[in-house]
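Biologist: I am new to this structure and would like a close look at a single part of it, the aromatic side chains in its interior and the strands that hold them. Could you take me through that part slowly, and then show me how the surroundings fit around it?

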Amino acid sequence: QVQPVESGGGLAQAGGSLRLSCVASGRTFDGYAIGWFRQVPGKERDFVAAISWSGSRITYADSVKGRFTISRDNAKNTVDLQMNSLKPEDTAVYFCSASRVFATGVVFTTPAQYRYWGQGTQVTVSA
């Protein structure tokens, strides 16, 4: 089974940028749709962005549209989340998730649709 592993979190100022990466441990991301979610203490895990197996379909939460970009490199077995124009409300633990799919254009936007999760990486944006 695939095990997502996140990296790239840290501290940024409002208006700044961070780039998160997710790599697969155990096997490749081939055949998997990938999603990014975020969570703050005491709240539910919220959808951020998702990309299909082929990369042909991408979707974003309204709160990050135009600021975040998800991409994948299947040859390198990575999925990245480029976060620009960061806001303090982007502060959260960010999770990478994977779900086995059998069609290249499928994306999922809810946590229940993903079976495999990383441990998360903290992103803190200061005002």
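Modeller: F37 is a good place to begin, because its relative accessible area of 0% lies under the 20% cut-off and F37 therefore counts as buried; please keep in mind throughout that this is a predicted model. Aromatic pairs number 7 in this structure. In one of them the rings of F37 and W117 have their centres 5.2 Å apart, and since their planes stand at 55° the pair is described as tilted. The two partners come from distant parts of the chain, F37 from strand β4 and W117 from strand β10, with their positions 80 residues apart in sequence. W117 also forms an aromatic pair with F95, and this one is edge-to-face, with 6.4 Å from centre to centre and 75° between the planes. Because F95 belongs to strand β9 and W117 to strand β10, that pair ties together parts of the chain 22 residues apart. F95 is buried as well, since its relative accessible area is 9%. Taken as a group, F37, F47, F95, F108, Y114 and W117 make up one aromatic cluster.

The strand that carries F37 deserves a closer look. W36 is also found in β4, which covers residues 32-39, and with a relative accessibility of 0% W36 counts as buried. The C-alpha atoms of W36 and G118 are separated by 9.9 Å, although the two residues are 82 places apart along the chain. Strand β4 is paired with β5 in the antiparallel sense over 5 bridges, and within this pairing I34 has I51 of β5 as its bridge partner. The hairpin that β4 and β5 form has 6 residues between the strands, and G42 takes a positive phi near 85° there.

Strand β5, residues 46-51, has 5 of its 6 residues buried, so it is largely enclosed by the rest of the structure. It is joined in turn by 3 bridges to β6, residues 58-60, which runs antiparallel to it, and here I51 stands opposite I58. These two strands form a hairpin with 6 residues between them, and G55 in its turn has a positive phi of about 85°.

From W36 one can move on to the nonpolar interior. The largest nonpolar core has 39 residues, and W36, L81, M83 and Y94 are the ones with the most contacts inside it. At least two residues of this core come from each of β3, β4, β5, β7, β8, β9, β10 and β11. M83 shows how varied the neighbours of one such residue can be: leaving aside residues up to four places away in sequence, M83 touches G16, S17, L18, L20, R67, F68, Y94 and V123.

Some of the strands that supply this core also belong to an open sheet of 4 strands, which has the order β1-β3-β8-β7 and antiparallel pairing. Its edge strands are β1 and β7, each of which pairs on one side only, and neighbouring strands of the sheet are turned against each other by 20° on average, direction ignored. At one edge, 6 bridges join β7 to the antiparallel strand β8, residues 78-83, and R72 has V79 in β8 as its bridge partner.

Charged side chains complete the picture, with 4 salt bridges in the structure. R19 and D80 meet in one of them at 3.1 Å from N to O, and this pair links strand β3 to strand β8, from positions 61 residues apart. The two ends differ in their surroundings, for R19 is partly exposed at a relative accessible area of 41%, whereas D80 is buried at 14%.

Another salt bridge returns us to the strand where we began, where the side chain of R38 meets that of D90 at 2.9 Å from N to O. Because R38 lies in strand β4 and D90 in the loop between β8 and β9, the pair ties together parts that are 52 residues apart in sequence. R38 counts as buried at 12% relative accessibility, and D90 counts as buried at 0%. Salt bridges that share partners join R38, R67 and D90 into one network, and R67 is also one of the residues that M83 touches. By contrast, D62 and K65, whose side chains meet in a salt bridge at 3.1 Å from N to O, are both exposed.

Notes:
Residues are numbered from 1 along each chain as its sequence is written. This is a predicted model: local features need pLDDT of at least 70, side-chain atom pairs count only at pLDDT 80 or more; totals for chains, interfaces and linings use all residues. Side-chain values use heavy atoms; hydrogens and water are left out. Buried means under 20% relative accessible area, exposed over 50%, partly exposed in between (1.4 Å probe, protein chains only). Two strands pair if DSSP finds at least two bridges between them. Axes are lines fitted to C-alpha atoms, for helices over the stretch in contact, and angles run from 0 to 180 degrees between N-to-C directions. A nonpolar core is a set of buried Ala, Val, Leu, Ile, Met, Phe, Trp, Tyr and Cys residues joined through side-chain atoms within 4.5 Å. Contact means heavy atoms within 4.5 Å. Rings of Phe, Tyr and Trp (its six-membered ring) pair if their centres lie within 6.5 Å; planes under 30 degrees apart count as stacked, over 60 as edge-to-face and the rest as tilted.
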